[in-house]
Amino acid sequence: MRKAYDVLVRPLVSEKSMLLMGENKYSFEVAKDANKIDIKRAVEEQFDVTVLNVTTRNIRGKVKRQGRYEGKRPDKKKAIVTLKDGDKIQVFEGL
């Protein structure tokens, strides 16, 4: 079984994620090899909440250039977690 700090990389803070918080949905960047069960377990363990649904999305890194040199940003995986009514994650509430 994986540890919560290995699964959850960081919370995602953007305009869209702030709007989703009104619907009791929270966004995280997660490990690329994490599945929905791992993500649910990690969020419940780390924040002491009840997770109803987990939606994941793989995001491919963009190809960027600087002069004649070309590189690629790393791939990421994003998860949107829906919590039970009444549950909140305090990390996001202070923002």
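**Exercise 1. Identify the residues with the most contacts inside the largest nonpolar core, and the elements that build this core.**

*Solution.* In this predicted model, the largest nonpolar core comprises 19 residues. Those with the most contacts inside it are Phe28, Ile39, Val43, Val81 and Leu83. Next, the core is assigned to elements: helix 1 (4-7), strand 2 (25-30), helix 3 (36-47), strand 3 (51-59) and strand 6 each give two or more residues to it. As a final step, consider Ile39. With neighbours within four places in sequence set aside, Ile39 is in contact with Val7, Val30, Ala34, Val54, Thr56, Ala79 and Val81.

**Exercise 2. Determine how many salt bridges the whole structure holds, and describe the one formed by Arg10.**

*Solution.* A search of the whole structure yields 3 salt bridges. In one of them, the side chain of Arg10 meets that of Glu29, with an N to O distance of 2.8 Å. The pair links distant parts of the chain: Arg10 belongs to strand 1 (residues 8-11) and Glu29 to strand 2, 19 residues apart. The two partners are then classified by accessibility. Arg10 has a relative accessible area of 39% and is therefore partly exposed. Glu29 has a relative accessible area of 13%, which is under 20%, so this residue counts as buried.

**Exercise 3. Describe the salt bridges of Lys25 and Lys72, and classify these lysines as buried, partly exposed or exposed.**

*Solution.* Begin with the principle: side chains of opposite charge can pair when their charged atoms come close. Lys25 pairs with Glu23 at 3.8 Å, N to O. The salt-bridge cut-off is 4 Å, so this pair qualifies. Lys25 has 26% relative accessibility and counts as partly exposed. Lys72 pairs with Asp75 at 2.8 Å, N to O. Lys72, with a relative accessible area of 52%, lies over the 50% limit and is therefore exposed. Its partner Asp75 is partly exposed, at 32%.

**Exercise 4. State the volume of the largest pocket and analyse its lining by residue class and by element.**

*Solution.* The largest pocket holds about 240 Å³ of space. Its lining includes Arg10 and Glu29, the two residues whose side chains meet in a salt bridge. Also in the lining are Lys76, Lys77 and Lys78, among others. By class, the lining residues divide into 8 charged, 3 nonpolar and 1 polar. By element, strand 6 (residues 76-83) supplies the largest share, 3 residues. Strand 6 also gives two or more residues to the largest nonpolar core.

Notes:
Residues are numbered from 1 along each chain as its sequence is written. This is a predicted model: local features need pLDDT of at least 70, side-chain atom pairs count only at pLDDT 80 or more; totals for chains, interfaces and linings use all residues. Side-chain values use heavy atoms; hydrogens and water are left out. On a 1 Å grid over the protein atoms alone, a cavity is a set of points where a 1.4 Å probe fits but cannot get out, and a pocket is an open set with protein on both sides within 12 Å along at least five of seven lines; lining residues have an atom within 4 Å of a point. Grid points are joined across faces, edges and corners, and a volume is the space filled by probe spheres set on the points. Helices (H or I, at least four residues) and strands (E, at least two) are DSSP runs, numbered from the N terminus. Ala, Val, Leu, Ile, Met, Phe, Trp, Tyr, Cys and Pro count as nonpolar, Asp, Glu, Lys and Arg as charged, and the others, Gly among them, as polar. A nonpolar core is a set of buried Ala, Val, Leu, Ile, Met, Phe, Trp, Tyr and Cys residues joined through side-chain atoms within 4.5 Å. Buried means under 20% relative accessible area, exposed over 50%, partly exposed in between (1.4 Å probe, protein chains only). Contact means heavy atoms within 4.5 Å.
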